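Good morning, and thank you for joining. I should like to take you through the charged pairs and the nonpolar cores of one model.

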Amino acid sequence: MAVYSGAAGIKQLREKLQQKSKMLIGESALKVATTLVDNSPVGAEFYTSKQGEIQNDAGDYKNSWSVGYGTPNPTVRAADTSGAGAVADAIVKSKQYNFQGAAYVTNSIPHAPMVEEGWADNPVYGWKAKDGYHVVRNNIGIAQAILELTALKVSQL
């Protein structure tokens, strides 16, 4: 176990704690965001309705997960069925945490609440109600495990 004494020791301890905090928050945000991207639905390119085929931006929900520090990140990205933009953003942001307080992983696409919680039947267009995909709700246990495992890993450094 390291011993920290005097001004130099306190400075060294402060730097180590800062590094551990950055690793804990950044790595956790990256892993949680990647889990949400991986478990997000892509959607179909077209949906059948009474009015005919309705075009959909397949992958817009999947690719709009964003990491924010201090405040939620309202970024909305173009549709991408792989979610590559969201993962790339999470990788970059995982290295940028600098004690801004809370860390957020959000999806700001306007219809995100409907994808998550579901939507009602639409008699005009003939859309059928969908219960929602519950991406966040279904991954809460995984997110908690990520936080615990990352904290354990960082505590052993």
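I begin in helix H1, where Lys-11 and Glu-15 stand 4 residues apart and are therefore separated by about one helical turn. The two form a salt bridge, with their closest N and O atoms 4.0 Å apart. Glu-15 is partly exposed, at a relative accessible area of 42%. Please bear in mind throughout that this is a predicted model.

How many salt bridges does the structure hold? There are 6. A further one joins the side chains of Lys-93 and Asp-89, at 3.0 Å from N to O. These residues lie 4 apart in helix H2, residues 84-94, and so about one helical turn separates them. Are Lys-93 and Asp-89 buried or exposed? Both Lys-93 and Asp-89 are buried.

Arg-137 and Glu-117 also form a salt bridge, and here the closest N and O atoms are 3.1 Å apart. This pair connects distant parts of the chain, since Arg-137 belongs to helix H4, residues 135-138, and Glu-117 to helix H3, with their positions 20 residues apart. Arg-137 counts as partly exposed at 47% relative accessibility, and Glu-117 is partly exposed at 46%. In addition, Glu-27, Lys-31 and Lys-153 are joined into one network by salt bridges that share partners. As a general remark, side chains of opposite charge can pair when their charged atoms come close.

I turn now to the nonpolar residues. The largest nonpolar core has 12 residues in all, among them Val-32, Leu-36, Tyr-61, Trp-65, Val-115 and Ile-146. Which helices each supply at least two residues of this core? They are H1 (6-38), H3 (112-117) and H5 (140-155). Of these, H1 gives the most, with 3 residues. A second, separate core comprises 6 residues, including Ala-33, Val-67, Tyr-69 and Tyr-97. In soluble globular proteins, nonpolar side chains tend to be buried together.

Val-115, a member of the largest core, deserves a closer look. Leaving out residues up to four places away in sequence, Val-115 touches Pro-41, Tyr-61, Gly-132, Tyr-133 and His-134.

Finally, I come to Thr-106, which sits in strand E4, residues 103-107. Its side chain reaches the backbone oxygen of Asn-73 at 3.3 Å. Beyond its neighbours within four places in sequence, Thr-106 is in contact with Ser-64, Trp-65, Ser-66, Pro-72 and Asn-73. One of these, Trp-65, is also part of the largest nonpolar core.

Notes: Residues numbered from 1 in each chain as written. Predicted model: local features only at pLDDT ≥ 70, side-chain atom pairs only at ≥ 80, totals over all residues. Heavy atoms only, no water. Polar contact = N/O pair within 3.5 Å; in protein donor to acceptor, adjacent residues only side chain to side chain. Contact = heavy atoms within 4.5 Å. Core = buried A, V, L, I, M, F, W, Y, C linked by side-chain atoms within 4.5 Å. Buried < 20%, exposed > 50% of the residue type's maximum accessible area, 1.4 Å probe, protein only.
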